[in-house]
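Trainee: Could you take me through a close look at the backbone of this chain, one spot after another?

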Amino acid sequence: MIQLEKAGKPTVAIVAAGFDRDAGMSATAFGMPGFRYAVVPEVLTGVSPDRIRQHVADAFEQIVAVLTTDAADAPLVSSTRGSAERLHIHGSDKYDAFEAMNRQFLDNEWGDGFPLIPPTSDKVEWLLSGTTRSPHDVVTVLPPELRYATVEKLAINAVMAGCEPAHLPVLMAACEALAGFGTAARVMLMSTGPHAPLIMVNGPITREIGLNSGRCALGPGAQSRHNITIGRAFRLILMNVGGAYPGRMDMDTIGAARKFSLCVAENEAENPWTPYHVEGGYGPDTSTVTLFETRDEIDVDDLTNFEPEGVLDSFAAACSFIPSHYTANFFDVERSTHRFLLMMCPEHANICAKAGWAKRSVREYVHHHARINGRLALNWARMTPELLRPEWKWLLKWPPWELEKLMLPVQESANDYDIVVVGGPAGKSLVFSTMCGGPSTAVIKDRR
């Protein structure tokens with residue numbers, strides 16, 4: 001709508017109450033802070049068509065006013081968050097000042113809810129020693145507010161999360177990888193769904209830093225302290241640099257604990273196949289960050305199968321939960337944005353590899369066996385039949401009891417499955433579904 005307005009076409013958006021601040025901040029991010037909109041009293045999902053029509057009718061005077069009023073007379077919506085000036089926080093002692101800082105940062109929505117390390121000048125300078133780049137260099141432009149991400153801004157947030165200098169180049173690469181998502185990054189960061197980025201690190205840097213790729217690699221504890229602090233820092237960067245503030249730009253209906261910190265290293269030492277980054281064309285001595293968008297997390301618990309088919313049937317079952325509107329095989333949507341990440345533990349990976357199965361065979365098997373019945377697959381099509389591909393329109397005429405018997409593939413291609421090896425002993429793996437672009441890989445560079 002902003003593009004239409006910039007092209008000289010008077011435009012008005014209809015925004016649900018509670019999303020109006022989000023709309024204003026988005027308009028500012030796209031260079032039109034004076035963009036106006038009409039507000040309806042409730043979110044229009046799960047609302048009958050008659051009720052929607054009534055809301056629009058009630059908003060008609062707002063719509064006319066927006067279209068007939070000079071935009072120059074409209075108040076500007078500012079997305080500025082706090083001052084760029086240096087803060088001075090005082091207390092009766094250092095601990096009291098520490099608590100005061102954390103209260104103030106939370107009041108300003110700069111924190112994630114956990115205690116923050118004070119980003120003092122000395123601490124930030126210490127963290128900047130991890131890179132050869134100047135503090136004022138721009139690493140990239142971060143969504144959703146399309147702000148400049150300088151090295152110094154990243155370092156400030158890294159200090160707050162408890163990072164060390166060696167972590168800074170990883171965070172810089174993660175920001176560059178996010179840029180590789182293109183416009184899909186804004187969907188991931190602003191959606192009402194529980195989307196969360198997962199950072200996966202490959203190459204020699206994982207051993208140099210001490211990133212955990214084995215037992216409890218995505219869990220809490222001392223063994224994963226580097227994983228946790230890097231993942232947490234990235235979340236703070238998305239908020240304080242990119243502008244993805246919960247309730248302002250991040251409009252997640254329920255939320256997800258995955259949003260606090262998701263960072264892991266691939267277990268290359270116990271990976272029977274080519275490491276993920278080498279499979280993607282990078283050298284084994286190159287250190288990389290790959291960013292995955294995750295939306296769902298399913299445990300693949302298989303301790304009793306010792307043949308590839310049995311193990312991979314468990315993965316196929318985990319992938320068969322997928323909601324119907326992700327099934328790009330049936331709907332006229334972009335196929336490449338709907339994927340699965342198979343995070344295989346070494347035990348499961350080695351069962352397949354020792355039997356002579358390559359990654360390609362694993363993908364093909366899971367793709368062939370990951371199925372849902374036609375009634376579930378077409379559930380979304382009943383609301384939006386216009387999105388159903390022409391070759392599947394006939395399914396809408398089938399009675400429900402016949403659709404129950406029809407098993408349809410979840411994905412369109414075996415290429416829609418990514419495989420990485422992570423974890424320690426025991427046959428426990430994870431499946432993540434994705435729908436907002438990616439994965440995207442960037443090289444970790446400019447290390448000191």
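**Backbone angles and the cis bond**

Mentor: Let's start with Asp 446, which is partly exposed at 26% relative accessibility (between 20%, under which a residue is buried, and 50%, over which it is exposed, with a 1.4 Å probe and protein chains only). This is a predicted model, where local features need pLDDT of at least 70, side-chain atom pairs need 80 or more, and totals for chains, interfaces and linings use all residues. Numbering runs from 1 along each chain as its sequence is written, and side-chain values use heavy atoms, without hydrogens or water.

To find Asp 446, follow the chain past β14 (440-443), into the segment after that strand (strands are DSSP runs of E, at least two residues, numbered from the N terminus). Now look at the backbone there: phi of Asp 446 is positive, near 60 degrees, and the residue is not a glycine.

Next, step back along the chain to Ala 426, in the loop that links β12 (417-421) to β13 (428-434). Ala 426 is no glycine either, yet its phi is positive, at about 90 degrees. As for its surroundings, a relative accessible area of 35% makes Ala 426 partly exposed.

Our last stop is a peptide bond between two prolines, Pro 143 and Pro 144. The bond from Pro 143 to Pro 144 is cis, and its omega is near 5 degrees. You can place Pro 144 by its neighbours: the loop holding Pro 144 runs between β3 (138-142) and β4 (147-150).

How values were computed
Helices (H or I, at least four residues) and strands (E, at least two) are DSSP runs, numbered from the N terminus.
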